[in-house]
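User: I'd like a close look at one part of this protein. Could you walk me through what the model shows there, then step back a little?

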Amino acid sequence: MIDKAIIPLNPAWTKACLWFSFVSGVVLASTVFGQKLGLDGKNSQPVVLGTEVSWTLVASELEEKPTLGALPRTSQGVLSQQQLEVSFSPRSAKWTGRWLIKFRPQVLGEVAIPALTVHQGVGTLTTAPFSLRVIQDTQGRRHAFLEIKTQKSSYWLGERVVLDVRFGFDVRYFDQFVLQPHRRPLDVPVRIDGEWVRRFDGQPTKSPLVDSRVLKSLVFDDQLVHWREFPDEVRNGKTYGMVGQDFEFPSAKLLGRTIQGVSAGFRFAEEFQEDFIGGRIASDPRDAFVYAQDIRIKIMALPRRNVPEDFSGGVGDFELKCDLSADQVSVGDSFQLALVISSEADLSSLQEPTFVDQPGLRLQGVRRRVVEDDLIVTYDVIALSAGEYLIGPMKLSYFSPNDGARYQTVTTNPCSVIVLGKDDPTRAGAVQQRGLEAKEDRIRGFLMPEDVQTKPSREKLDFVVMVCLFLLPWAIGIVIFARVKIWERERNEPSWARSRRAYRLFKARIADRSCDLGITLIEYLSAKMEVEESQIHSKSLALNLKAMSIAGDLAEEVATFLEHATFGRYGGRAFVPERMSVEAMVKRLENAFKEKRL
């Protein structure tokens, strides 16, 4: 048994251990608890369904460069992000990251916002999940409505789903009280949500040419579009104007999915003031929304009975035509078999018919291309031995949803080709190759037969020259007249002339390497937006550009650049933008202004 001994403590060692523990604790606390991650802009106010809410995610006091993790997916709305800043402070040797987080709710009630993660090195920071209360706006119901309808109660898997989107509005109320979203007036001043169309890979249907007078301008998916006008409808004793557009969707994208949260918004006011300079000014502008009912498409699987062995996967109605590029060839020569499959169904994933090799003929390769509603399949074949060969018939098996919902097979007539031997006396002049492209176009009915196509005569050429000489003075006169009109407008409207010269002035300014790119961009925006330079603010710039129908990502990029340039000029931060990137951004902005004719 060893007796316990009391070991005397050295005061110097004791103090050293205590100081080491204290310093280690401070360093550990500064490393673990000094890192900050949070969302700025959160509040308890309810959000209206269809509107977009945003927060700023800020990560600071980080030891390594931060990166935002993948945004979690949620069925209650759409999350998106935009990087604002990732910077390093030499003074504190710390990293800071800022991201703009956007969320558009698609359901009513309590909506959960999942946790967001930021990675830095091997560590991860996570925000706490929180919830939003989403409410429905009832103001717009009295004056407008939005509908999404299907043309059929159910669709087969592989069939194109067509949805009709219709917006109805009280014409008198919209004329008197609804405000235009930007300077260029719209026929129907409304913004309709189009994110759901992109999410389900939808495309506008191919409609025949219609009179431009029945097309009405509005904003869909933050883009200026023209929808077709439909006859007015009377509902509950009120007459509504109608505009709409049809969209096509792959049925596989809608399988088991629900289209929900689709909204249309407009801004209105019921009290106005008359201003001598500004005209009619709204005193109480407010936003209103209408919502389409949630819709779930019934998608049925194809029948498993009586499926053809060579089923192409096509669902719809199909037509089949084929022809050869040459009726006679020599041994060793190649020719092409052109097969044209016509249908309004999806042709991109259709399996083309198989070419069966014969003794004396060998398949070299297959090419395919889609032109409008036609799939053109080209089989390259080489002749190996002399003789007369019968190719086909070519077969295509598909599922027809219209004719009794059953599998069908369409066939072509056989094509005959004669292969001549090398010593055949009829070989000279007998082989007449016809161009494959001309053959394909003739199948589709675009070209006339060869015997009708003749070279232009001398008289026709003389006639064309006389017409050109006659029209030349008129063309010169029109150019001079247009130029005079432009000079008159520049003299009478200085703001328009300033806007027109803005881009050329910007190009001239940035040619000087010592110019301030931020100030030069402000001068350009001031001229284009017809406001004073002092009214160009980075905080409201993105909203103002979006109101002028500029794409949202481009508007945010311009506003972020100006914000960084302002901080660099007055905040003492070193901000050196790339001149080429700024020039490319302004060029995209100028193209957007030209498209909107601003």
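Is Val467 buried or exposed, or partly exposed, and why does it get that label?

Analyst: Keep in mind that this is a predicted model. Val467 comes out as partly exposed, because its relative accessible area is 32%, and that label covers values between the 20% limit for buried and the 50% limit for exposed. As for where it sits, Val467 belongs to helix 6, which covers residues 458-492.

Val467 also has company on the surface. Together with Phe463, Val464, Phe470, Leu471 and Trp474 it makes up a nonpolar patch, and the accessible area of the six residues adds up to about 660 Å². A residue needs over 30% relative accessible area to join such a patch, and Val467 has 32%.

Now the wider setting. The protein has 598 residues, 37% of them counted as buried, and it exposes about 35,900 Å², with 54% of that coming from carbon and sulfur atoms. Helix 6 is one of 12 helices, alongside 35 strands. Looking at contacts between residues at least 6 apart in sequence, 68% link residues at least 24 apart.

For a look at the strands, take an open sheet of 4 with antiparallel pairing, in the order 27-29-31-30. Strand 27 (319-324) and strand 30 (361-371) are its edges: each has a single partner strand, so one side of each has no neighbour in the sheet. On average, neighbouring strands here are turned by 20° against each other, ignoring direction. Strand 27 runs antiparallel to strand 29 (residues 334-342), and 6 bridges join the two. One bridge pairs Leu324 with Leu337 of strand 29.

Methods. Residues numbered from 1 in each chain as written. Predicted model: local features only at pLDDT ≥ 70, side-chain atom pairs only at ≥ 80, totals over all residues. Heavy atoms only, no water. Patch = residues over 30% accessible without salt bridge, like charges linked within 9 Å, V, L, I, M, F, W, Y side chains within 5 Å. Areas by Shrake-Rupley, 256 points an atom, 1.4 Å probe, with all protein chains shown as cover. Salt bridge = Lys/Arg side-chain N within 4 Å of Asp/Glu carboxyl O. Buried < 20%, exposed > 50% of the residue type's maximum accessible area, 1.4 Å probe, protein only. Contact = heavy atoms within 4.5 Å. Pairing = 2+ DSSP bridges. Axes fitted to C-alpha atoms, helices over the stretch in contact; angles between N-to-C directions.
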